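Here is a short report for a reader meeting this structure for the first time. Keep the model open while reading.

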Amino acid sequence: MNADSAFARYARPEFARLFRALHLDVTYRAGQGDHLTRELPGGDAGTEAGEQILDLVGGAGSSLFGHNHPELVEVARRCFDEQLPFNAQGSIRPGAAELARRLSEAVEATTGASYVVTLGCTGADAVESAVKHATVEHRRRLGALQEEFERSLRRVRRDGIADAPCASGPAAGSPCAEVLGEALDRIAGMRRRDPVFVSLRDAFHGKTTAAGTLTHGGNVPEDLHVPGPQHRRLHAWTPHEVVTAFDAERVLVHSVTVDAAGVPHSAVRYLSPVAACFAEPIQGESGVHEVPAETLAALRELADRHGAALVFDEIQCGMGRTGTFLASEPSGVVADYYLFSKSLGGGLAKVSALLVADDRYVPEFGRHHTSTFADDEFSSRIATAALDLSLVCRDRIVEVGTMLRDRLAQVAARWPDAIAEVRGRGLLLGVEFSLPRPESGLLREVFDSESLGYLIAGRMLHTHRIRVIPTLSAPTTIRVQPSALIEPADVDRVAAAFDDVAGLLSRGDYATLIEHLTVPADGGWQPRQHVPLPRRDRPAGPGAGGSADVPRVAFLANLDVPSKLWSMAPELAGWSDEQCAAALDRMQGELDPFEVVRHRITSETRGIVEVVMVAVPFTAAQANAALREGQGPWLRRTVLDAVELGVSLGAEVVGLGGHTSIVTNAARDVVESDIRVTSGNSLTAACAYDLLRLKLAESGPGERRVGLVGGIGNIGSVMAELIAPHCASMVLVGRPGSARRLATVADRLTELTDVSIADDLEALRDCPIVVSATNSSEPVIMPHHLAGDEKVLVCDLAVPGDVHPAVAGLPNVTLVSGGRIQLPGVQTPHFPGITLPPGILYSCLAETVLLGLEPTTPSPSYGGLTSGGVLAARDLAMRHGFHPARIVSDDISVRPWTVDQFSSALEENIG
Ligand code: PMP
């Protein structure tokens, strides 16, 4: 098992799936400075070969000093040479002591305060520590307040003035013991409440339970949010709104003081459940947004108003990344707690730190909040060396950061419709791309806000050898976080790469932008796990999902063959068939069903239906392969999602075109009570039935032998039943191994005709009439399967077709593609992905439309087809002037549906 498969199987299945889809399934085997060495595809891990990739991800902001900085590596090496103890818990830890002192001093240089430092391992670890410390601080403050009020109460009782009214203040006139008693009740009530934590709109503070609550997780599935501490989000950032945001949470109490003359006076005090307010001075993961200085100042005021701790999360923006040790430094706002991680570990160690101002620190916290790996010598020494480097690099960060930002801003100015904004300071930059609006529904689905950044990342990697990824909670923003060592020449490369991508987006050259997806993927595909959440609201009743003044139906269609991708996405017309197939293979399971197009269709009786085409993102071949590989549940869910979309759009009828009915057990798996569901197959069978019946009626006895391929299928079995009474003999041909199931079909026909079964297509050679309706995604009937000299009529009902294109060229063969309907009048709606001549629809689509025209007609095609249903579908079509269109070889011939006319048409075209 190679690393890819092991990663997918044992480590991160969902990432592995996503990386394969986006062609980001690459491996790096070495890193130095700003460069990573990429393992070349198919390369031997032991060989020298590799590709140098400029890394702008920078360890998600943790490689401020590049990969494997020699000075930090040297520190690490010395740790091993000296055989430093890693695990010496329960002893004095000199490395931790030194790091803590240095961190306190580094922050003190800006704030003037001194700090006690709690070391941990990850950023989220530091956030959890801050939540916990703020909790204990908050509880102890309330406890101390309760003691103070109890003391006051004892004192007024001891002094015999319990009933004396307060002489001044808000409680003037009320007996002082009563005032204090009431205050004590409120304090006790507040102590029973859980503390409340505040964070900003779009905040990112990590993903563990408490940190995850503070993080604004809009793009994370709802059921991944674990309930954490009580929390409030600050959406509005204007100073007034921030300062007063939680005034309603405050509880007023009156304190009582007794003056020298023994007279009690009252005063106002406030209690608040708010324990801490968290902010990233520059929000990294939300797309690099600087929090304005006045908002930070307002947060300071808010925290003070509630007696809460102000926490600056400098995990990503601190350590000098933005040109000052604290990113909050230019604001002049001082917090009570500071958090560091990422660059603190110099890219080598997992380490984080919570700094709590001396005057707020609760010493017992440090006794009880411990971790096996905190305070270790190895991480502490590296972090201390990283602090040294951050001082050395400061000027360079400002210089190169400014250069990079200026160059990116120039690119943004050149392509204003592709790049929305360039933001950030120092080496914490973000380039926000505007969401493109491609012409085709398919590409609009591909370029959604979650994927855009990753598609850009693929282009940058494969064409420019530059590694980027989007910020975590704003994936249309590309993070640009190189190390302080980045060279000016690399700045040019970065600018050129962004220029290329922005130019492609601006020109709408999507085929080039995502060409890297056309490289065949290694390794197998796995479906995405189903998320059992209601994803869309259903409209109140049928037809209620929009402003439709006419009935609406939804038609679900999958792409039949990859080579028709251009018809779904004309933007990709330049791709070869192989490229289309490779890209569809990569993207399998990535896209949700999506709306492709809407058209109104009018019947001969002037009824109108709006049909919404919903693409079901798999091809016929993918559906067949997935069925073989036991991925039927995934196929079914994909179709059910598409049904759900159709219903949410107000469809009264949902038609399951192509393989969507095949994978849902002839539509039976679609269980709906308010709408009608059809596979549309009855009308397909009806078209073929009339054609064949007439052909058989005029054939001599020796010519009435029919070969039927796909007889165990939904359409094939009903066709066999319908035409058996009209033919002299019939051979049911199936794949090897299908004999038992074919025999069941044959048993039903023995009364009607002379029936036999065969598992070899050669059996068709003595059949003047051949009907084929398999689910195969590849042609099954080849020229050599058919009679060599005598005339043969081949009626191909399958989509994609069962008959090899070479058959159409045989002089003795008339090939009729069945299951096509001509719309009444002159109507030529275009349905992307369907490449029929203008005005012609697949019968299954036509049947869906027809059911929309008649609200009370039941679906004739739900589950197994019946001959009664087929005839009902034919009548339905006749009532509305929908006629079968027979595509004879490549010509289109349109015929009205009367037996006489049909008969003469047959003579003309086939006879
Ligand atoms: N806070 C901020 C500001 C961060 O950017 C991050 C990580 N992106 C974290 C906290 C969480 O850090 P970690 O991933 O190490 O838990």
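A search of the whole structure finds two cavities of 30 Å³ or more. The model is a predicted one. The second largest cavity holds about 30 Å³ of space. Which residues line the second largest cavity? Its lining includes Gly 33, Asp 34, Asp 55, Gly 58 and Ser 63. Gly 66, His 67, Gln 481, Pro 482 and Ser 483 also belong to the lining. Sorted by class, seven lining residues are polar, two are charged and one is nonpolar.

**The seven-stranded sheet**

Seven strands make up an open sheet with mixed pairing. Their order is S4-S14-S13-S12-S9-S5-S6. Strand S4 (115–120) and strand S6 (230–234) are at the edges. Each of these two has a single partner strand, so one side of each is left without a neighbour in the sheet. Neighbouring strands here are turned by 20 degrees against each other on average, direction ignored.

Inside this order, S9 stands next to S5. Strand S5 (residues 196–200) and strand S9 (residues 274–279) run parallel and are joined by three bridges. In this pair, Val 198 stands opposite Cys 277.

**The three-stranded sheet**

A second open sheet to look at has three strands, in the order S15-S16-S18. Its pairing is antiparallel. Strand S15 (419–425) and strand S18 (477–480) are the edge strands, and each pairs on one side only. The average turn between neighbouring strands of this sheet is 15 degrees, direction ignored.

What packs on this sheet? Helix H12 (residues 377–414) does, touching S15, S16 and S18. The direction of H12 makes about 170 degrees with that of S15. Strand S16 (residues 428–433) runs antiparallel to S15, with six bridges between them. Val 422 stands opposite Val 431 in S16.

**A hairpin**

Strands S20 and S21 form a hairpin, with five residues between them. Arg 606 sits in the turn and has a positive phi of about 75 degrees. The two strands, S20 (residues 594–602) and S21 (residues 608–619), run antiparallel and share eight bridges. Thr 602 stands opposite Ile 608 in S21.

The three strand pairs described so far are set side by side below.

| Pair | Direction | Bridges | Opposite residues |
|---|---|---|---|
| S5 and S9 | parallel | three | Val 198 and Cys 277 |
| S15 and S16 | antiparallel | six | Val 422 and Val 431 |
| S20 and S21 | antiparallel | eight | Thr 602 and Ile 608 |

**A helix and what follows**

Helix H6 (residues 123–158) has 36 residues. From its first C-alpha to its last, H6 reaches 52 Å. That is close to the 52 Å expected at 1.5 Å a residue. Gly 160 follows H6, and its phi is positive, near 70 degrees.

**Backbone exceptions**

Most residues other than glycine have a negative phi, and most peptide bonds are trans. Where does Lys 342 lie? Lys 342 is in the loop between strand S13 (337–340) and strand S14 (352–357). It is not a glycine, yet Lys 342 has a positive phi of about 40 degrees.

Another loop holds a cis peptide bond, which joins Val 799 and Pro 800. Omega is about -5 degrees there. Pro 800 lies in the loop between strand S28 (792–796) and helix H25 (805–808).

How values were computed:
Residues numbered from 1 in each chain as written. Predicted model: local features only at pLDDT ≥ 70, side-chain atom pairs only at ≥ 80, totals over all residues. Heavy atoms only, no water. Pairing = 2+ DSSP bridges. Helix = DSSP H or I, 4+ residues; strand = E, 2+ residues; numbered from the N terminus. Axes fitted to C-alpha atoms, helices over the stretch in contact; angles between N-to-C directions. Contact = heavy atoms within 4.5 Å. Expected span 1.5 Å × (residues − 1). 1 Å grid on protein atoms, 1.4 Å probe; cavity = no way out; pocket = protein on both sides within 12 Å on 5 of 7 lines; lining within 4 Å. Points joined across faces, edges and corners; volume = space filled by probe spheres on them. Nonpolar A, V, L, I, M, F, W, Y, C, P; charged D, E, K, R; others polar.
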